[in-house]
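Visitor: I am new to this structure and should be grateful for a close look at a single part of it. Please take me through that part step by step.

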Amino acid sequence: MNPSIERRRFLKQLGVSAGAAPFLSGLPGFGSLMAGDAKGPKKRLIVMFSPNGTIPEEFWPETAEGKYEFKRILKPLEPYKNRVAVLKGLSNKIGGDGDRHMRGMSCLLTGKELFPGNIQGGSDSPAGWASGISIDQELKNFFQANDATRTRFGSLEFGVAVPNRADPWTRMSYAGPNQPVAPIDDPKKMMERLYGRMEDKENLVSLVDDVQKDIEKVSARLGSEDRQLLNEHLNLVRELEKELSQQDENKELAHPMPEIDPKVELVNDNTPRISRIQMDLMVNALANDMTRIATLQYMRSVGQARMNWLGVEEGHHGLSHEPDNNADAKEKLTKINEWFAGELAYLTKRLSETPEPGADGSMLDYTTIVWLNELGKGNSHTLDNIPFVLIGGEKATGFKMGRQIEFPKGTPHNRLLLSIAQSMGHDIQSFGTDMFCTDGALNLA
Amino acid sequence: MNLRLAISVLLFVAGLLPRLGGAIDLENHPGKAIYQKQCLECHGKNGEGTDDADVDPLVGKRSLESLTGRIERTMPEDREDECVGEDAKQVAEYIYHAFYSPEAQLRGKTVLPDVTRLTAEQMQNSVTDLIGYFRDASYPPENEKPGLKGYYALNNKKKAGKSDHKTERFERVDPNIRFDFGTGIPKTPEGIDESLDQFNISWKGSIFIRETGTYEFTIRTRNGAKLFVNELDDKEEPTIDAWVAPNNEVREESGKIFLLGGRRYFVRLDFFKYQEEKALIELLWKRPHGSREVVPSSVLGQDWARRTFVSSTTFPADDRSYGYERGSTVSRVWLDAVTDIAFDAADHVVAHLNELARTKDDDPKREEKLRNFAAEFTAHAFRRPLRKGEKEAYVDPHFAKAKTSEEAIRRVVLHAITSPRFIYPATAFEYPDDPWAKASALSLAIWDSIPDKKLWNATAKGQLNKSGQLEKEAWRMQWDQRARHKVAGFFDHWLELSRSNDIAKDSELFPQFSEQMMSDLRMSLELFLDDIVWSENSDYRQLLLADSLFLNERLGKIYGKPEIKGGFQKVSMPKEGRTGVITHPFLLTAFAYHNNTSPIHRGVFLTRNIVGMTLRPPPEAIEFKDNEFPPNLTMREKVTELTRAKACMACHSMINPLGFSLEHYDAIGRWRTKEQNKPINDDGVLKTDSGDSLNIKGPRDVAKYAADSHAAHEAFVRQLFHHTVKQPLLAYGSNKADELENQFRKNGYNIRSLLVKMAVAATEPNTPKS
């Protein structure tokens, strides 16, 4: 899709175009924010993805003798320990075409097989896109169908360092069979989507000033008849200036636009900065009720991020193939996963510090975060024991946190997707491939 | 109302007609008393009209004889007998010399060009070329075979990760991308191992875009494919991403892109087949006025076009109330569009800054180069070198205030593009003989854009002052496709092509009619026009007289040439009396009812656009109601009946015979010999401008008349000038119309030569002193 055609026009985005509704009423979620608390608490879902499996020894908490102690990887989440539930024993059971990275990624939120296709992975038969909708999009549709839960965007898909290519390794959200949803990994584009091109407003204000001076200068040399057209032009510019200055007086958003500079070059080494900006934008969008569903995708399955900021120079995926006895690789992979947990901790912190608009408590009380991965372990490519972590949202879901829940080995992850759907009020009995849902939703209460 | 504009709608009469000099005593003219008694009530003291009477000002281009005849026949309204014979002659002479004729209008006045802004088309082109100025131009190689270059690679890859497979490569030019390989492989040159059954192909080259608008491309495939249009880096987001192919099923994926006409764009289509049973790939498009079709080879070439900045900003339609587009009004929507395009351009410049400013991130002279670029950019926006103090006003403050050089450049671009010196070209120049003003006028006239490198350099070297140099530049510039695009815009206007947008036909009577048919017909008409205009002779008369049509296989079946196979070819059709645009099925279809011909629509079109006469709006609007006539009447009989009244015949004596001359062509322009089982009658008597009666039979007589008609030439020259220069012709000398028309005639009615003369004329406007 050609980006320039899809881009909405600049002035309309600023809300200053002639005939546009007043600035604020054109803004997201303004209406639903007001009407929000009519029907029970708000329920929100964030799905965060990081790739290439985990290091089990450093991930799974110590649970012997009723303990619940975080090891290195989850350590950054220590302050929120009693709000974190670690789910052990879940498997992505989806078989069929595509290698395990592909199925790991594209069946993770869809719980459904890939179509046969032309994309060859490292093993198995070639495959195409997922054959079903993903849980985030399913819930989006569910929320958008109801006045009380409808928001401006329905869902927002954030990315961090996602390479610019579309294939089953880079997409986890699907609007339907064969309909992958691309995450937005440029904070500038996300900012534009959320708030319009506000960072250009300053330029526009100074421009309007320059143009007025220019027109006056040029007009002075013209005859009166010719000057008329330029005078009309000048009046229009003045009108625009007036609207711009009026806008400044209106700042009634529940949470004002974040004061961040979203312009950051999309290169590997800027990943930590991009990550934080994206999370800030996400929290702000949720606080302003522009959406209640958000995904945050780090890199992609088989991603080769080089985390120089951790002192890791090798590509992530390459490292994840190293055998268990490579201590150096293991150390680096632990660091990498620790870093992801640290980012998650930042997101958790931001939500826990933000009061829930129109209700008691913080936003974290009403927001369930799911952190997941496409593999259990990188070097074995197993789809068993995938590290699923739930955080927060207790006031909305009734889930009991502060524990590790051990499910029988090989419990299909479709059942978790089902639990999430039901906790959001979407009473479905099956999601994805039916045969993996016969035992119903997981009991997380 | 602006008086200069009022005069600009005047229709001119040129050299051949007798000119009675200024020796006439108007004060004591016998016609004056008659005028005051019989005409003044409606037409006002000086023919300006009165509010009550709702008549147009008495100004025009008819000859005195013609004016006399008209008054005799039609005036005063409803009392036509009261002003005839000698009275009509006298009053006509008075009116003609007192205020009707062009000379009378001009008495004591100098018409100056208006200060206007860039039109929408000029704005888009100028901003695009302003940025393009800083890129290397690319020229298509001459006589290249149409089509894209395909880079083929065959292999026997069966398993991922195995590197022991064999690959063989070859290249060839493919006229279209339309391949159903089935379970096989592409046809290979000799010596290639045909057991290699997996393959990928990358097609690269350029696509020529004739018309400005949104193009929808479609990839139809069973396999993986990506399309890039105007994107030179395959890491950019593709126009269409169809890389993942589920189930080996045929699927279609589309992407839309807005493109400016008269330009070539880089295009690349990547395709691969991997372990799937079958392979199929087609590249289709839908042009702004077309229906979906395989991208024709005629628009594909193997050169790699440079990147072109295109903003998809939509501008409001320009004022057309003077019969041609002019930048004579501003509005808030327009201002918003100007702001949008400026921001788009600023984004693009900043995104490609190193390329445009010819620097690198680690260039020690980067800052200096960026400042120079900023100054140059502003100069080209103003279409002349910067004057003293301008760098200090348009460049330096932005570098002083902005935090980064990129931000400074962004503001410089915004400032330059929204500056009145860019938007109102005339305001950038202080004296009329400024060679930079001439270069600006020349490039606006030919391209609707800014001067290119060659014109800029010639101007800087003072070459434009040399005699004949402007004309030489104009001829050079005419070869650029942008010039052709602009001329195509004239034909769109002249032939009212936009009418076809909402045409529908009775599907029982005309099952052949379809969107596809209209799309083909439009292409056929464009090919016809291009064939004549861009030929060596470029003979205007051939537009009316040529007996050929361009038909493809689909049209051949409808228009009686079933033997035609494949794409368009030129076919001579003398037996049907086909004669130029007059009988082109596109226009015959557009000017017709859904179930029958419409001699009135066709007649009005011929009268105004082809024969070059003006028509008043009908005194009362009468609807044509087909079911109110006895069913056995022919269309000709119905129209004759409907327009019988004397008030109608003032104009319909012209309209009807012209319309009837086309009765041999049905509502989709097919030849017919009968209607209602009665033979077609296409005879008629035409009252010409000079008052003569001319017997005509069929459209060829009309074409011959128009091809030789002074009024038709005059109208063509005037309309083409207005389209080209977008200013009143009178603002370029009171006899510029005569001069251009005389040159036109002398040069064998060569349109290209006329265009060059007009472009040169555009550089010589009247000045307050002249």
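At what angle do helix α17 and helix α29 of chain B pack, and how far apart are their axes?

Guide: The model shown here is predicted. In chain B, helix α17 covers residues 469-478 and helix α29 covers residues 751-761. The two helices pack at an angle of about 125 degrees, and their axes lie 9 Å apart. Because angles over 145 degrees count as roughly antiparallel and those from 65 to 115 as roughly perpendicular, α17(B) is oblique to α29(B). The crossing in which α17(B) passes α29(B) is right-handed.

Residues from both helices make this contact. On the side of α17(B) they are L470(B), E471(B), A474(B), W475(B) and Q478(B). Facing them from α29(B) are R752(B), L755(B), V756(B), A759(B) and V760(B). Sorted by class, the contact has 7 nonpolar residues, 1 polar residue and 2 charged residues.

The domain assignment helps to place these helices within chain B. Domain 4 spans 489-708 and domain 5 spans 712-761, while domain 3 spans 311-428. Helix α29(B), at residues 751-761, thus belongs to the stretch given to domain 5.

Elsewhere in the chain, domain 2 (148-301) also meets domain 4. There, 4 residues of domain 2 of chain B are in contact with 5 residues of domain 4 of chain B. The domain 2 side of that contact has 1 nonpolar residue, 3 polar residues and no charged residues. The C-alpha centres of these two domains of chain B lie 41 Å apart.

Terms used. Residues are numbered from 1 along each chain as its sequence is written. Chains are lettered from A and ligands numbered from 1 in the order in which they are written. This is a predicted model: local features need pLDDT of at least 70, side-chain atom pairs count only at pLDDT 80 or more; totals for chains, interfaces and linings use all residues. Two residues are in contact if their C-beta atoms, placed from the backbone, lie within 7 Å. Ala, Val, Leu, Ile, Met, Phe, Trp, Tyr, Cys and Pro count as nonpolar, Asp, Glu, Lys and Arg as charged, and the others, Gly among them, as polar. Axes are lines fitted to C-alpha atoms, for helices over the stretch in contact, and angles run from 0 to 180 degrees between N-to-C directions. Helices (H or I, at least four residues) and strands (E, at least two) are DSSP runs, numbered from the N terminus. Angles under 35 degrees count as roughly parallel, over 145 as roughly antiparallel, 65 to 115 as roughly perpendicular and the rest as oblique. A crossing is left-handed if the near helix is turned anticlockwise from the far one by less than a right angle, and right-handed if clockwise.
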